[in-house]
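Student: I'm new to this one and would like to learn how to read it. Could you walk me through it, feature by feature?

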Amino acid sequence: MSEGYDFIIIGGGSAGSVIAARLSETPDLRVCLLEAGGSDRHPFFHLPAGFAKMTKGIASWGWTTTPQAHMQGKVFTYTQAKVIGGGSAINAQIYTRGHHLDYDEWRQMGCDGWGYEDILPYFRKSEDNDTFEGRYHGKGGPMGVSKPAAPLPICEAYFEAAQALGIPFNSDVTGAVQEGAAYYQLTQKNARRASTAMAFLHPNRSRPNLTVKLRANVRRIIVEAGRATGVEMMDGTRITAEQEVILSGGAIGSPRLLQLSGIGPADHLQDLGIEVVLDQPQVGSNLQDHLDLYCIAEVSGPHTYDRFAKPHLSVLAGLQYLINRKGPVASSLFETGGFWYADPDARSPDLQFHLGLGTGIEAGVAAMPEGGVTLNSCYLRPRSRGTVRLASSDPAMAPLIDPNYCADPYDREMSIRGLKLTQEILGQDALSGFIKAERLPGPDVRTDDEYFDFICQHSKTSHHCAGTCAMGPDGTAVVTPRLRFNGINGLRVADASIMPRVVSSNTNAPTIMIGEKAADMIREDHGV
């Protein structure tokens, strides 16, 4: 049995939902979106603070990394979304884009059409910004981009502490200048999450030419005579694509499905007994991610949202949100942060901060029984490269995810510098009225070796994986700058995996931009 469409999009995440919505704007195109996860009806997907539940297993594949060879064998929880909307449905909703030099470097690497001036219109196209417009921002797009609805006084004290160390306040880190401490804008509208499913897909589900299939697990991409002609589902049924198969499974999911389809490093596939369709050694290589470190302090009073962990106060928080869309439920809990330098000679900020208005917010992170505050830092331009490989030919098996954190000693050095800077910020007088004492790393950690031992115990992913199907100017790259797959016709990849280098920020907004640009390129290439 089979059914046919013009375009099949595999993965309804931050890019895939955008592509499906944009292509289906053309009534004559038959578009099918396949998402392995389920619906986003649960309130946790809509309430900003629902993020705190997401890294602890809700709507996730439940994957972990391999033991990290350069971090004392540490195994990381590696949350990957399994729900319509993908990462945009479960993340902390932080809207940052990276530095303009990130994209200019892509262009210099041979990725024509991906310089900053090329991609800026696509950021603006998506936006319905409640604060800014003009050269850097848009209004009237599908996706809400909003200022925080529920900041706390400790956020203003954080800004003062940063300024005492020479880090200025920046009202818009996605505008002309990235440097500085800031309130992040968020992918929210009216204090509700604005995932790509909510913003792009749901308003258009009634289109007769748009089919969205949930819990639709693809077993493999079908390639016949060098062309992708459709997909085979786990139940054996086939769906055909007359024009293209567009893979948007993310930096882990896309190389995983390609390898299950026989497209990847031939020796690896042969070892697993998978028939080789195309030997492409770069599929699943070049994995990059931001390693997230954190400093945790105990607060001296009810200065963060930790106090609402008590059941009766949780009820009050829910009522407050229902009445005026304020309070802890309206908070993404990480809506304050900024960008600065670990290496003073860096070409642009190479550190990012996220101020957590509580503790124990994410899986594996310590909680303060009497309440606390968390300041995360991540080094933004890691030199280390990892891989995504298969553990088995069985599609039900989790992949082998190896970010290879700290393989390059420079990454380790810059990460430790960032952690030390978070301690300095939290130790400033401006925060003395809020903070009782630093608890992690604490005063006993002094030498760089001790810091490294600490981060091998207390660190996590920033959920910014990228690069595993990187685009480039020649046939050795996985995809061309038009995102066409090298060596297979009718196949395109469009998600964070195509980034040749991870951007210097959160990756959700750049992935949405990739979806917007991909949709335009597809229409141009097909004359529709």
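**Reading the model**

Tutor: Sure. Keep in mind that this is a predicted model. Let's start with one residue and its neighbours: leaving out residues up to four places away in sequence, Asn 129 touches His 137, Gly 138, Lys 139, Val 145 and Gln 185.

Student: Where is Asn 129 placed, and why does Asn 129 count as buried?

Tutor: Look at strand β4, residues 127-129, and you'll find Asn 129 there. Buried means under 20% relative accessible area. Asn 129 has 1% relative accessibility, so it counts as buried.

Student: What does the side chain of Asn 129 make a polar contact with?

Tutor: The side chain of Glu 127, at 2.7 Å. The Asn 129 side chain also reaches a backbone atom, the nitrogen of Thr 131, at 2.8 Å.

Student: Now strands. Which residues of β2 lie on each side?

Tutor: In β2 (residues 31-34), Val 31 and Leu 33 are on one side, with Cys 32 and Leu 34 on the other. Those residues are all buried, and both faces of the strand are covered. As for pairing, β2 runs parallel to β10 (residues 210-213), joined by four bridges. One example to find on screen: Cys 32 has Thr 211 in β10 as its bridge partner.

Student: Why is β18 described as largely enclosed?

Tutor: Six of the six residues in β18 (residues 351-356) are buried, so the rest of the structure largely encloses it. Leu 351, Phe 353 and Leu 355 point one way, while Gln 352, His 354 and Gly 356 point the other.

Student: Which strands does β18 pair with?

Tutor: Try β17 (residues 336-340): this pairing is antiparallel, over five bridges, and Gly 337 stands opposite His 354. Then there's β19 (residues 372-379), also antiparallel to β18, with six bridges. There, Gly 356 has Thr 374 as its bridge partner.

Student: And helices?

Tutor: Here's the general idea: an α-helix has 3.6 residues a turn, so residues three or four places apart point the same way. Now take α12 (residues 448-457), where Tyr 451, Phe 452, Phe 454, Ile 455 and Cys 456 are buried. Their cover includes β16 (291-299), α11 (409-426), β22 (435-440) and β23 (459-461).

Student: What makes up the nonpolar surface patch?

Tutor: Val 315, Leu 316, Leu 319, Leu 322 and Ile 323, and the patch is about 540 Å². Leu 319 sits in helix α10 (residues 311-324). With 44% relative accessibility, Leu 319 counts as partly exposed.

Methods: Residues are numbered from 1 along each chain as its sequence is written. This is a predicted model: local features need pLDDT of at least 70, side-chain atom pairs count only at pLDDT 80 or more; totals for chains, interfaces and linings use all residues. Side-chain values use heavy atoms; hydrogens and water are left out. Patches are made of residues with over 30% relative accessible area and no salt bridge: like charges are joined within 9 Å, nonpolar side chains (Val, Leu, Ile, Met, Phe, Trp, Tyr) within 5 Å. Accessible areas come from the Shrake-Rupley method with a 1.4 Å probe; for residues, only the protein chains shown count as cover. A salt bridge is a side-chain nitrogen of Lys or Arg within 4 Å of a carboxyl oxygen of Asp or Glu. Helices (H or I, at least four residues) and strands (E, at least two) are DSSP runs, numbered from the N terminus. Buried means under 20% relative accessible area, exposed over 50%, partly exposed in between (1.4 Å probe, protein chains only). A polar contact is a pair of N or O atoms within 3.5 Å; within protein, one must be able to donate a hydrogen and the other to accept it, and residues adjacent in sequence count only if both atoms are side-chain atoms. Contact means heavy atoms within 4.5 Å. Two strands pair if DSSP finds at least two bridges between them.
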